[in-house]
Amino acid sequence: MKKALIASTALVLTAGIAAADVTISGYGRTAVDYQEDRGDGQEDTQISSRVRLNIHGTTSTDQGVDFGARYRIQWNQGDAGVDNVAPGQIYVTSNGLTVAVGNVGTAFDNAGLIYESEIGLISRSYGNAQGDFYAYSSTGYGDDNGDRLGVAVEYSVDALTARFSYVDPDQNTTDSTNEELGLSVDYQWNDIALSAAAVKNAAGTADADKYFVGAYYTMPGTDNGIGLNYIDEDSDADNYGTTIVLYGDYVVAPMTTVSAYVANNDADGNETDTAFGIGARYDLGGAYLAGSLERNYEENLRGDFGVRFDF
Amino acid sequence: MKKALIASTALVLTAGIAAADVTISGYGRTAVDYQEDRGDGQEDTQISSRVRLNIHGTTSTDQGVDFGARYRIQWNQGDAGVDNVAPGQIYVTSNGLTVAVGNVGTAFDNAGLIYESEIGLISRSYGNAQGDFYAYSSTGYGDDNGDRLGVAVEYSVDALTARFSYVDPDQNTTDSTNEELGLSVDYQWNDIALSAAAVKNAAGTADADKYFVGAYYTMPGTDNGIGLNYIDEDSDADNYGTTIVLYGDYVVAPMTTVSAYVANNDADGNETDTAFGIGARYDLGGAYLAGSLERNYEENLRGDFGVRFDF
Amino acid sequence: MKKALIASTALVLTAGIAAADVTISGYGRTAVDYQEDRGDGQEDTQISSRVRLNIHGTTSTDQGVDFGARYRIQWNQGDAGVDNVAPGQIYVTSNGLTVAVGNVGTAFDNAGLIYESEIGLISRSYGNAQGDFYAYSSTGYGDDNGDRLGVAVEYSVDALTARFSYVDPDQNTTDSTNEELGLSVDYQWNDIALSAAAVKNAAGTADADKYFVGAYYTMPGTDNGIGLNYIDEDSDADNYGTTIVLYGDYVVAPMTTVSAYVANNDADGNETDTAFGIGARYDLGGAYLAGSLERNYEENLRGDFGVRFDF
């Protein structure tokens, strides 16, 4: 409580301490996005763009504890504007331990290898998890989820990173049966990266439990590698089956990486159990061109080609 | 009007002069918030968080007049996202005189001592004013208040600060009976701070007139002090009664301040006329921990504990 | 695809490369705005304010190609808040050629002289185009226009700037009859600036075709000048007639410019075919004062006076 009334800045809002503690980063991307049989009356070929902005305010205490707050402003092609700045996140970090509150990244979504089979400019793969679970929300939660509360913990020491997350879909209600709990662990062992994760009541759906195990081997002295992911989404509450994806990356020329995957999903209702994709990426130094072609479980083709840059 | 068409940047938006003139500041906070008998089907104990971001663009003319514009982006726990960036404010400052237009801080809300009895991380006190008046709006005005217009003037000279504010709830209509007018004065006299304020048609309610007088005495050579606030909200248009609050701050150990208050409100319908609270704050240097316990006029307990940091 | 799991920042969002690549600029303005016979139950005299913020993230590749992304946050007096951050824009520039995707400036709207007869603080002229065409959207597109897609190309070489733009009101539908196409060219020849533009299916209205030709002559050795604009908005789909506006600027004293125009519009339904206006602007160095008086085609008076500053 400040008592000094001299030189009041009351009409003038709090000025803050130093702008140096606020950083803004993000990326822009735009691509041609083809989707065979996109839907009645919809163009199969469209432009897909995104602008993402992360605003990040930080401060450090005298004891070396770091505090931070985050916002994200994200626009996707098809949005009439940015309706909502994403809900805020607050975190504290010290000695490898990070605790975050609010709109947090979740343990399952942040598992180190869970999205590693993705290809193309838009970063997609049919070898990803098929169902839902909570993640950092880049836009608003939606009107029915205002009281969503997340808490996440991450601990990193040497080659190990462990994460725990808890998301209450509505912390205001006394009903507490559908809180999502997640856990993940990443470990680097020589040229092998290992990652495992589990989530209970995924996305607030009771008994929707999911499991993930993945490994990636980098060939010594190269950036080439091969990985395998196993994702189990077959529980009492959902029937997305089990997804296994084998994928790899190969540097075919300087700045040019080709990546590919083959995925198998055994859920009922698929036209075929096998999906696959191949993509290429060319690094411009500060930006990159990328494209991909994929066939999904309905045997429809999806492709993209475009450019992305980070700032 | 620029006439040069060479090197047009027409597709490219106005580039601005210097990023150095834009500062971003704010704070993050998160706390456990307990409210006895919060309401049917609602959790008494919740997490309450906030991320506030102030964006402030300024420029100075050759004559030494400073112009500025402000935005605020604020998220509170329970918001599904930031629906609205707060309405803008424009101001000009010169020689201690500031004039602001738009979403302005008001004279009554900005009176130097009016919130001085607040305690805890969330900065609350039952000794505050009980009813409504206009203030700087950290979020949108709400759909029914789009045409709200504020004008505020502040003048600071030596130990004196005086403020005047005018808020028209809807400047587009010809009806002008409910415009809020406010006035406040702060004065520092040796170890004594004095503050007084009045508001007419508070929050646009005809004849809702409110008055405030407060004083704070800082014990010489210390940061300890004691204060007394008197707030009269008993008019023809509202019946919040008169609130008197006695409060004090005591530095019990390095970095540690204990604050407490006893408040009396004589409005009809209170279970009891007396509310009180005690809080403590521990400074981390760049951040602080704070907590409080309060009992309200319905004899219900409220408590908080958490951390806040500014950036 | 990054494979390193050590020192994962998964809970912590992407940190970005350098804040130096993000610039924020904008302006604030506020004015008294008088409109004779504004409407039933509406005040003729109001305060009109605006705060505009441009957020601009850029990066350069090793080959010297520049990429950028933009957002705009704009509040106008009368908005209850900033409902929507404007849809994003992504662009790439190299050797004078710029290609932009998303919420783009259009060729017709960006024609170099099309708004040159504007006067006053709010920058208005009855000699402007009377009807609609697409332009960079400072706010959201509106709920019915989420799938709007724009592509714009600009090429500058020496004294010549050429622009092309394409806006699909809804790229998701297979209907493609109402896509707006625009073209404009600016050329500087000694003391004469020339500008021409055409737009087809303006604002997505089939057969709403518009044409513009303008010239501006700057008197040698001065900032005084005179211009003439011709705008044809008389097509099968709209009946805004033809607008001719003669305008000029004269530096009457240091820092002080007086501007005036006379406009003729031959559309049916006008009370009179002639509108005119006179304005003055006083440069403060970093900010300016400006005011204007205009009479429109209904013989009603409009006036403004206020201050604007850029940051």
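Which residues touch the most other members of the largest nonpolar core?

1. This is a predicted model, in which local features need pLDDT of at least 70, side-chain atom pairs count only at pLDDT 80 or more, and totals for chains, interfaces and linings use all residues. Residues are numbered from 1 along each chain as its sequence is written, and chains are lettered from A in the order in which they are written.

2. Y71(A), Y71(B) and Y71(C) touch the most other members of the largest nonpolar core, which has 126 residues (a set of buried Ala, Val, Leu, Ile, Met, Phe, Trp, Tyr and Cys residues joined through C-beta atoms within 7 Å; buried means that 20 or more other C-beta atoms lie within 10 Å of a residue's own, with C-beta atoms placed from the backbone).

3. Leaving aside neighbours within four places in sequence, Y71(A) is in contact with I55(A), V85(A), A86(A) and G88(A), and also with V51(B), L53(B) and I73(B) of chain B (contact means C-beta atoms, placed from the backbone, within 7 Å).

4. A turn of 120° with a shift of 0.0 Å along the axis lays chain B on chain C with an RMSD of 0.0 Å (least squares on the C-alpha atoms of residues with pLDDT of at least 70 in both copies). That is the relation of a three-fold axis. Of the residues of chain B, D83(B) comes closest to the rotation axis, its C-alpha lying at 3.7 Å.

5. Chain A is likewise superposed on chain B by a rotation of 120° with 0.0 Å of shift along its axis, at an RMSD of 0.0 Å; in chain A the C-alpha nearest the axis is that of D83(A), 3.7 Å away.

Terms used:
Buried ≥ 20, exposed ≤ 12 C-beta atoms within 10 Å, placed from the backbone. Contact = placed C-beta atoms within 7 Å.
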